[in-house]
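Trainee: Got a minute to go through this one with me? I'd like to start with the charged side chains.
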Amino acid sequence: MNNFKKILKKLHDDPVLFVRTVLKAEPQKWQIEALNAVVKGNKVAIKSGHGVGKSTYLSWLCLWFLLTRIPAKIEATANTASQLQDVLANDVQKWAKALPRGFLDQLEFKQDRVSLKGSPDSFLSYRVSRRENPEALAGFHSQNTLAVVDEASGIDESIFETAQGTLSTPNAKIVLAGNPTRSSGFFYECFHTMRENWYTMTVSSRDGDYVSDEFIQ
């Protein structure tokens, strides 16, 4: 148990080490920068091309945060149920299977959440963001909070407005990711009028290690 605590302490501020040693995966260059950005700052926005490994990055982030902090509350959202469940939640479950038994045994999986056993205040929750349901990112507070927004360009402004209270919590972190499909809105302004408050990244499909030249053409 003492060794396990030492391991968790070392992984707490090193998500790249978590991915490499716990998940046995080698992150791409842009994923290394994006993982470290969450440690250094609380607001990260990533616009990317297709096929670069965005959902994989977000799933690594969720597992790292949930397994290295107690309590830890993570709210993951996307603009559609298919993006949230079929892509992001599916990736979380896929990578969870790569966890060593000692880590995997700590998790309990349900359709709408992943919970840390023995810690009722530690979980990853999935909620679809819809205009008629602006509370998707609201109402969750913890000593350690993380909001993960996939396909952020398609999220309605009201979702982010409602989330301001939650994101004002000390040490609360938020990561926005998505294809830059709109030239307006909250996600767009993270790279423009609000850029001073965000760590921003632009990841071209050319930056993805597994995107074919045929696809790019």
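Trainee: Is Lys-54 buried or exposed?
Mentor: Lys-54 is buried, at 9% relative accessibility; buried means under 20% relative accessible area, exposed over 50%, and partly exposed in between, with a 1.4 Å probe and protein chains only. Keep in mind that this is a predicted model, where local features need pLDDT of at least 70, side-chain atom pairs count only at pLDDT 80 or more, and totals for chains, interfaces and linings use all residues. Residues are numbered from 1 along each chain as its sequence is written, and side-chain values use heavy atoms, with hydrogens and water left out.

Trainee: Thanks! Which side chain meets Lys-54 in a salt bridge at 3.2 Å?
Mentor: That of Glu-151, N to O. A salt bridge here is a side-chain nitrogen of Lys or Arg within 4 Å of a carboxyl oxygen of Asp or Glu.

Trainee: And where do the two sit in the chain?
Mentor: In distant parts, 97 residues apart: Lys-54 is in helix α4, and Glu-151 is in the loop between β6 (145-149) and α7 (157-167). Helices (H or I, at least four residues) and strands (E, at least two) are DSSP runs numbered from the N terminus. Glu-151 is also buried, at 15% relative accessibility. Asp-150 joins Lys-54 and Glu-151 in a network of salt bridges.

Trainee: How many salt bridges does the structure hold?
Mentor: Five. Among them is Arg-101 with Asp-105, at 3.3 Å. There Arg-101 is exposed at 58%, while Asp-105 is partly exposed at 36%.

Trainee: Switching topic: what about helix α4 and the largest nonpolar core?
Mentor: Helix α4 (residues 54-67) gives the largest share of that core, ten residues. The core has 50 residues, and Tyr-57 is one of those touching the most other members. A nonpolar core is a set of buried Ala, Val, Leu, Ile, Met, Phe, Trp, Tyr and Cys residues joined through side-chain atoms within 4.5 Å.

Trainee: Which residues does Tyr-57 touch?
Mentor: Leaving out residues up to four places away in sequence, its contacts (heavy atoms within 4.5 Å) include Trp-30, Ile-46 and Val-175. Another core, of 18 residues, lies apart from the largest one, and Phe-140 and Ile-174 are among its members.

Trainee: Last one: how many disulfides are there?
Mentor: Zero, counting a disulfide as a pair of cysteine sulfur atoms within 2.5 Å. For Cys-62, the nearest cysteine sulfur is that of Cys-190, 18 Å away. Cys-62 is buried at 1% relative accessibility, and Cys-190 is buried at 0%.
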